[in-house]
Amino acid sequence: MTLRLRDTLTRTVLPVEPLEPGRVRMYSCGPTVYRYAHVGNLRTFLLADLIRRALLYHGLEVRHVQNITDVGHLRADDAGREVDPMLIAAGLEGRSSREIAEAYEAAFHADAALLNLLPAQEYPRATDHIGDMLTLIEQLIQLGHGYVTPEGNVYYSVATFPGYGSLSGNSLDQLRAGHRAEVEPDKRDPADFALWKAAGEGRDLRWPSPWGEGFPGWHIECSAMALRHLGPRFDIHTGGEDNVFPHHEDEIAQSAPIVGGPPARLWVHGAHLLMSGRKMSKSAGNFQRITELVEEGLDPLAFRYLCLTARYARKLNLSDESLAGAAGGLSSLRAELAALGAAPTDGHWVPPAALGGVDAPPLADRAHAPAAPLSRRGRDLHEQFASAIDDDLDTPVALRIARETLRAPLLEDERRWLVLDMDFVLGLDLDRAVSAESRAEPGTKATSAALPAGAAELLAARTTARAARDWAAADRLRDELRSLGVEVVDLADGTSESRLVD
C-alpha cells in the first residue's frame, strides 16, 4: 500500500515515492509569530501531521521541518501599503520584535500539543538563517533573476522564469491585471517580488548586506531554510491554500534556478477553515484559539475530530453546532472503546506474516496487540482503513471504519487492537478513558470496565451538551449517569473522566 496525495503543481493525485528509499523529507510552512495561531492555522498544520502519521504507519522514516517566520512577512494594509505585522504587534504590546516572536512561538508549540500534533524534528527560525538567504539572493542576482535598485532593495524578476504561475494557474498578464496593492516605484514589473528590503527608520530587526542594512523578503526565507535542512530536493511541501500564491509560487521561482527544478516533488495544500462562512484570519479578527475551546469546556481533540470529518482539500465550517457534534462523536468512540475493557497484560504482537499478508504498521501501540491472529473480517477492516488513508487521506471514511470496527462481531481484544492501531493515524487518544484507570481513586474503577447499558450514549450526549454550553442538560445527564453507577468528573483541560462506583 502507498500513500497518495493531491499535488497542486500537477493537479493530479500522485503516490509518495521517496527520493531516498525508506525516508521521506517534508517541509511545512509554519506560523508567523506576531499573534496567536488560530484554529484555522492549526487545521493547516494538522495536514502535515496526518501525512506524517500515515507515512509512519507504513513504516517509513519521516524527517519533518516546519519553519518559524519571525521576520519579513509583510502584508498589505487597507490602503494597499505593505506593513510589517511584527512591528505593529511590538508597538501595540510595548515589546521588541524578538520578544513578540519568542512569546507567540512558545504559545504555538503549546497549542500544537493540545491538538496532538507530532513535533517536527526541526523548527528553524528565519532570523537564524539570514546568511543562507543572502547567499541565495547573491546567486539569483548572478543568474540574472534578481536585480538591485538604488534604494537598496533587491527584487526577483518574474519575467526571467518561464514557469512562473504554474503552481497557481496564473499567467503573468493575469497577475499584472489583478495587481491592486500600491506598487513600489523601484520595481521593474508590478509582479516582481522582494528578495531583500532596505530597512527604514524604527525597524529593530535589520541585518547588514551587500546592498545596505535591511531584512529578507518572506518567500526567500523558506527557500533558504528548506535547502539548509532538507537539501536541494525533497519529497513533500505542505501549507494552506492561501500559500499557493504568492508564497509557494515565489518559492519555486527562487529555488528552481539554483536546485534544477521545483524543490519539492509534491505540493500539498489544505483548504480554509471558515467561521460564519468567512475565511478565518488574524488580520480579519474573526479567529478562535484552541485554548478558548478548552476554556469553554471542550476537549481540544474534539476540534481534531471535526477536522477529520472533512477531506483536507475541502473547506470546513466551524460553529458551535459542528463542534458540539464532533465532541459527541469523539466521546462516543472513546466510550465504546472503554466498554471493551482494558487490554490483557499478557497481550503480544502478532507478526505481519500472521496477518494473512496485511502489512502491520510497525509503530502502532504493540501493547494492545490481539492475542491471536486477526480474523478474516478483522483483516478486511484493517485493509479498508489503510486504503482510506492512502486515498489522499480520506479521513471521513477512516473515521467511519473505526466506528464500524468497534461494533463489528469480533472478539473484544481484536476490536480493541484494530481501533487503537487506527488511532495511531487519527491521533484522537481514543484510549484516554482506558488509560485513566491508573489515575482512579481508591474505591473506584475507570471506565475501562464494561459500562452499564445505555451509559455510552449518555456520556456522548453529555459531551455534546457541554460543547453546546447547555449546562442544564449536562447536569441532568450527569445525574442519569450517576443513577447507573457512573460518576463523571470534569477536568481542567476540558475533558471528562468517568468512573464506575461501587
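A residue counts as buried when its relative accessible area is under 20%. With that cut-off in hand I opened this predicted model and asked for the overall figure: 56% of the protein's 502 residues come out as buried.

**Entry: the whole chain**

I looked up the secondary structure next, and the protein has 16 helices and 18 strands. I then turned to the contacts with a separation of 6 or more; 73% of them are between residues 24 or more positions apart. For the outside, I noted an accessible surface of about 20,300 Å². Carbon and sulfur atoms hold 51% of that surface.

**Entry: salt bridges**

How many salt bridges does a search of the whole structure find? My list holds 26 of them. A reminder to myself: oppositely charged side chains can pair when their charged atoms come close. I picked out a few to look at one by one.

My first stop was aspartate 132, which makes a salt bridge with arginine 228, with 2.6 Å between the closest N and O atoms. The aspartate sits in helix H4 (residues 130–142) and the arginine in helix H6 (residues 218–230), so this pair ties together parts that are 96 residues apart in sequence. Are the two partners buried or exposed? Aspartate 132 has a relative accessible area of 18%, so I marked aspartate 132 as buried. Arginine 228 stands at 53%, and I marked arginine 228 as exposed.

Then I went to glutamate 404 and arginine 377, whose closest N and O atoms are 2.5 Å apart in a salt bridge. Here glutamate 404 belongs to helix H12 (residues 395–406) and arginine 377 to helix H11 (residues 376–390), so the link ties parts 27 residues apart in sequence. Glutamate 404 is partly exposed at 28% relative accessibility, and arginine 377 is partly exposed at 30%.

I also checked aspartate 128, whose side chain meets that of arginine 125 in a salt bridge at 3.9 Å, N to O. The cut-off for the N to O distance is within 4 Å, so I kept this pair on the list. Aspartate 128 is exposed, at 53% relative accessible area, while arginine 125 is partly exposed at 34%.

One more item went into the notebook: a network of salt bridges links Asp299, Arg334, Asp429 and Arg432.

**Entry: helix H13**

I wanted to know what span helix H13 (residues 412–426) should have. At 1.5 Å a residue, its 15 residues should span 21 Å, and I found the end C-alpha atoms 20 Å apart, which agrees. H13 is mostly covered, with 13 of its 15 residues buried. Just after the helix comes glycine 427, and I noted its positive phi, near 70°.

**Entry: a four-stranded sheet**

In which order do the four strands of the open sheet run? I read S7-S8-S9-S10, with antiparallel pairing. Strand S7 (146–148) and strand S10 (214–216) are the edge strands, each pairing on one side only. On average, neighbouring strands of this sheet are turned by 20° against each other, with direction ignored.

I zoomed in on the middle of the order. Strand S8 (residues 154–156) and strand S9 (residues 193–198) run antiparallel and are joined by three bridges. Tyrosine 155 has alanine 194 of S9 standing opposite, and with that pair I closed the page.

How values were computed. Residues numbered from 1 in each chain as written. Predicted model: local features only at pLDDT ≥ 70, side-chain atom pairs only at ≥ 80, totals over all residues. Heavy atoms only, no water. Buried < 20%, exposed > 50% of the residue type's maximum accessible area, 1.4 Å probe, protein only. Helix = DSSP H or I, 4+ residues; strand = E, 2+ residues; numbered from the N terminus. Expected span 1.5 Å × (residues − 1). Pairing = 2+ DSSP bridges. Axes fitted to C-alpha atoms, helices over the stretch in contact; angles between N-to-C directions. Contact = heavy atoms within 4.5 Å. Areas by Shrake-Rupley, 256 points an atom, 1.4 Å probe, with all protein chains shown as cover.
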